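Reader: I am new to this structure and would like to learn how its features are read, one at a time. Could you take me through them slowly?

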Amino acid sequence: MDWQDQGTILSARPHGETSMIVEAFTARHGRHLGVVRGGASRKMAATLQPGSHVALAWHARLDDQIGTLKAEPLASRAGAMEDRLALSGLSAVCAMLSASLPEREPQPDLYAVTEPLFDVIGRAIEGWPLDYLRWEAGLLDTLGYGLDLSRCAVTGSRDDLAYVSPRTGRAVSRQGAGDWAPRLLPLPQALLGQGSATWAEIAQGLRLTGHFLALFAAEHHHALPEARARLLAAIERKT
């Protein structure tokens, strides 16, 4: 049982005195774990940091074993270490992938949009929080909890969409909401692809996606990661 791939480190925890159990999100093998022999050494510390882009080689005698991993650095994304908010964003992406995805199930579409997100956060490029918000909306699609923001669920109109039903995830216009507006979730226009967003709109959007991510988490008997809560709190402090 052998494969070679590339991906991003999501987490690493000690295993014995010298090894690490490493979790990575890979291009062709999904979320995958393996033991990195000697991974606890100073030499390997930077390579196994969450967010590091690596080349991976996995080996096991049987397919259902955890197996061993060899990791070689491709990109460190170390720029996030110098920006507290970017570091929170990097941690949130890693934690959401770890908590949401089944092991060893390929996710090529999600991987294709996640690696660019890691890159912009890793370089602390301005505007990445909006990229992160849109990524969470895409993650909901992957998980089967996608939002339908194409038209109003009540009137069928594509105009003046301002809310989302907390039950169905479908958009609702101001006219369609009527007296029900206080019971609906606000829809930031940035999620409709209409320009940039203020910090308040990004926080509003994360509360929206968070509602449906929490439904998914509850169905699978776990809570949303603390790393995501810390990111939302940091963004809310900027509003």
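Author: Let us begin with a single residue and how open it is, bearing in mind that this is a predicted model. Ala 124 has a relative accessible area of 29%, and because buried means under 20% and exposed means over 50%, Ala 124 is partly exposed.

Reader: Where is Ala 124 found, and what is the sign of its phi?

Author: Ala 124 is found in the loop between helix H3, which covers residues 108-122, and H4. As a general idea, most residues other than glycine have a negative phi. In this structure, the phi of Ala 124 is near 50°, which is a positive value in a residue other than glycine.

Reader: Which other residue has a positive phi although it is not a glycine?

Author: Arg 77 has a positive phi of about 55° and is not a glycine. Its place is in the loop between strand S5 (68-75) and helix H2 (84-100).

Reader: Is Arg 77 buried or exposed?

Author: Arg 77 counts as buried, because its relative accessibility is 6%, and the cut-off for buried is under 20%.

Reader: How should I read a pocket, and which residues line the largest pocket here?

Author: A pocket can be read by its volume, by the residues that line it and by the elements that supply them. In the largest pocket lies about 180 Å³ of space, and its lining includes Asp 83, Leu 85, Ala 124, Ile 125, Glu 126, Trp 128, Trp 199 and Ile 202. H4 and H6 are the elements that give two or more residues to this lining, and H4 gives the most, with three residues.

Reader: How many residues of that lining are nonpolar, polar and charged?

Author: The lining of the largest pocket divides into nine nonpolar residues, one polar residue and two charged residues.

Reader: Ile 125 is in that lining; how many residues apart in sequence are Lys 70 and Ile 125, and how far apart are they in space?

Author: Separation along the chain and separation in space are read as two values. Lys 70 and Ile 125 are 55 residues apart in sequence, and from C-alpha to C-alpha they are 30 Å apart in space. Lys 70 has its place in strand S5, and it counts as exposed because its relative accessibility is 64%. With neighbours within four places in sequence left aside, Lys 70 is in contact with Ala 55, Leu 56 and Ala 57.

Reader: Which residues does a buried arginine touch, taking Arg 228 as the case?

Author: Here one reads the place, the accessibility and the contacts together. Arg 228 is placed in helix H7, residues 226-236, and with a relative accessible area of 6% it is buried. Not counting residues up to four places away in sequence, Arg 228 touches, among others, Ala 92, Met 96, Tyr 132, Glu 136, Leu 206 and Leu 213.

Reader: How many salt bridges are there, and with which residue does Arg 31 form one?

Author: The count comes to eight salt bridges. Arg 31, whose place is in strand S3 (residues 30-36), forms a salt bridge with Glu 23, and the closest N and O atoms are 2.7 Å apart. Both partners are buried, Arg 31 as well as Glu 23, and the relative accessible area of Arg 31 is 13%. Besides Glu 23, the residues that Arg 31 touches include Leu 10, Phe 25, Leu 97 and Pro 102, not counting residues up to four places away in sequence.

Reader: Which parts of the chain are tied together by the salt bridge between Arg 207 and Glu 236?

Author: The side chains of Arg 207 and Glu 236 meet in a salt bridge of 2.7 Å, N to O. Arg 207 lies in helix H6 (residues 199-219) and Glu 236 in helix H7, so the pair ties together parts that are 29 residues apart in sequence. Arg 207 counts as partly exposed at 42% relative accessibility, and Glu 236 counts as partly exposed at 30%. Salt bridges can also share partners, and in this way Arg 77, Glu 115 and Asp 119 are joined into one network.

Methods. Residues numbered from 1 in each chain as written. Predicted model: local features only at pLDDT ≥ 70, side-chain atom pairs only at ≥ 80, totals over all residues. Heavy atoms only, no water. Helix = DSSP H or I, 4+ residues; strand = E, 2+ residues; numbered from the N terminus. Buried < 20%, exposed > 50% of the residue type's maximum accessible area, 1.4 Å probe, protein only. Contact = heavy atoms within 4.5 Å. Salt bridge = Lys/Arg side-chain N within 4 Å of Asp/Glu carboxyl O. 1 Å grid on protein atoms, 1.4 Å probe; cavity = no way out; pocket = protein on both sides within 12 Å on 5 of 7 lines; lining within 4 Å. Points joined across faces, edges and corners; volume = space filled by probe spheres on them. Nonpolar A, V, L, I, M, F, W, Y, C, P; charged D, E, K, R; others polar.
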